[in-house]
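Here is a quick walk through one model, written for someone who would rather look at residues than read tables. Keep the structure open beside the text and follow along.

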Amino acid sequence: MKKFLTVLILGICLISPVFAEENTTGEQAKLLYADNNIEESFNLLLSIPEDERSAENWLLLGNLLQDKGREEDAVFMYSQAILKDGSFYKAHYNLGNCYLNSDKPNMAIEEYKKVLKLKKDYAYAYYNLGCAYLKLGQYRKAKNAFLDAVYFKNTEPDFYYNLAYTYKKLNKEKDAKAYLEIYNKVMESRIDE
């Protein structure tokens, strides 16, 4: 029994520094990314063994690759983040953005719906969901998504602009004009700040 306990304590001591080092490496990579040291952040994240990367590490790798214009590689990284943690809504959101940018609105819609199951009040997911519906010409669904976006964040001018555009597409000129006026007011308030 004494030997087992000693081995167990030794095993814990050997594992802990590796975990702490990985965590520190991930945090350093985030700081480098925030300071716009893209290559250093990328290389540091790649130094973490794949099976030890957190969902956040995979997400950051995806962001870095997307910044470099490597959308397909970013999709892979976001998918890995989701495999690591299926409830990581940011990975679903970024994956949806990749699909939307790649003219795959149906796939984007599926990802945004997953985001909203995980974080019901995420206004930008509603907004991008609306943009995907616009691409498909599904204006009523787009309108509802934009209205939800405005409900959760009423200070974002793009939400109102796209809502006005959607009402115009639905031949509701009065509503389109009303939301365009709100858009202008929100833009003016941003200029005054």
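Leaving aside neighbours within four places in sequence, which residues is F146 in contact with?

## F146 and the core

This is a predicted model, and in it F146 is in contact with Y127, G130, C131, L134, F159, N162, L163 and T166, once neighbours within four places in sequence are set aside. One of those partners, C131, counts as buried at 16% relative accessibility, because the cut-off for buried is under 20%.

F146 also turns up in the largest nonpolar core, a group of 52 residues. Along with L45 and L129, F146 is among the residues with the most contacts inside that core. Helix α7 gives the most to this core, with 9 residues. As a bit of background, nonpolar side chains in soluble globular proteins tend to be buried together.

## The overall layout

The protein chain has 10 helices and 0 strands, so there's no sheet to hunt for by the DSSP rule used here. Of its 193 residues, 40% count as buried. Take the contacts with a separation of 6 or more: 44% of them come from residues 24 or more positions apart.

How far can you trust the picture? The chain averages a pLDDT of 88, and 88% of the residues score at least 70. Residues 1–22 are another story, with pLDDT below 50. Beyond near neighbours in sequence, that stretch has 6 contacts in the model. Where pLDDT is low, the predicted coordinates should not be read in detail.

## Helix α5, mostly under cover

Now look at α5, which takes in residues 89–101. Its 13 residues reach 18 Å from first C-alpha to last, close to the 18 Å expected at 1.5 Å a residue. Most of this helix is covered, with 10 of the 13 residues buried. Among them are H92, Y93, N97 and C98. What does the covering? The cover over the buried residues of α5 includes α3 (55–67), α4 (71–84), α6 (105–118) and α7 (123–136).

C98 has a relative accessible area of just 1%, so it falls well inside the buried class, which is set at under 20%. If you're wondering about cysteine pairs, the disulfide count comes to 0.

## N128 meets α5

N128 lies in helix α7. Is N128 buried or exposed? Its relative accessible area is 11%, and it counts as buried because that is under 20%. The side chain of N128 makes a polar contact of 3.0 Å with the side chain of Y93. Not counting residues up to four places away in sequence, N128 touches Y93, N97, L100 and Y112. Y93, N97 and L100 are all on the list of buried residues of α5.

## Two loop residues with positive phi

Just after α5 comes D103, with a positive phi of about 55°, although D103 is not a glycine. D103 sits in the loop between α5 and α6. With a relative accessible area of 57%, D103 is exposed, because the cut-off for exposed is over 50%.

N171 is another non-glycine with a positive phi, about 60° in this case. Look for N171 in the loop between α9 (157–169) and α10 (173–192). N171 counts as exposed too, at 66% relative accessibility.

Notes. Residues numbered from 1 in each chain as written. Predicted model: local features only at pLDDT ≥ 70, side-chain atom pairs only at ≥ 80, totals over all residues. Heavy atoms only, no water. Helix = DSSP H or I, 4+ residues; strand = E, 2+ residues; numbered from the N terminus. Expected span 1.5 Å × (residues − 1). Buried < 20%, exposed > 50% of the residue type's maximum accessible area, 1.4 Å probe, protein only. Contact = heavy atoms within 4.5 Å. pLDDT = per-residue confidence, 0-100. Polar contact = N/O pair within 3.5 Å; in protein donor to acceptor, adjacent residues only side chain to side chain. Core = buried A, V, L, I, M, F, W, Y, C linked by side-chain atoms within 4.5 Å. Disulfide = S-S within 2.5 Å.
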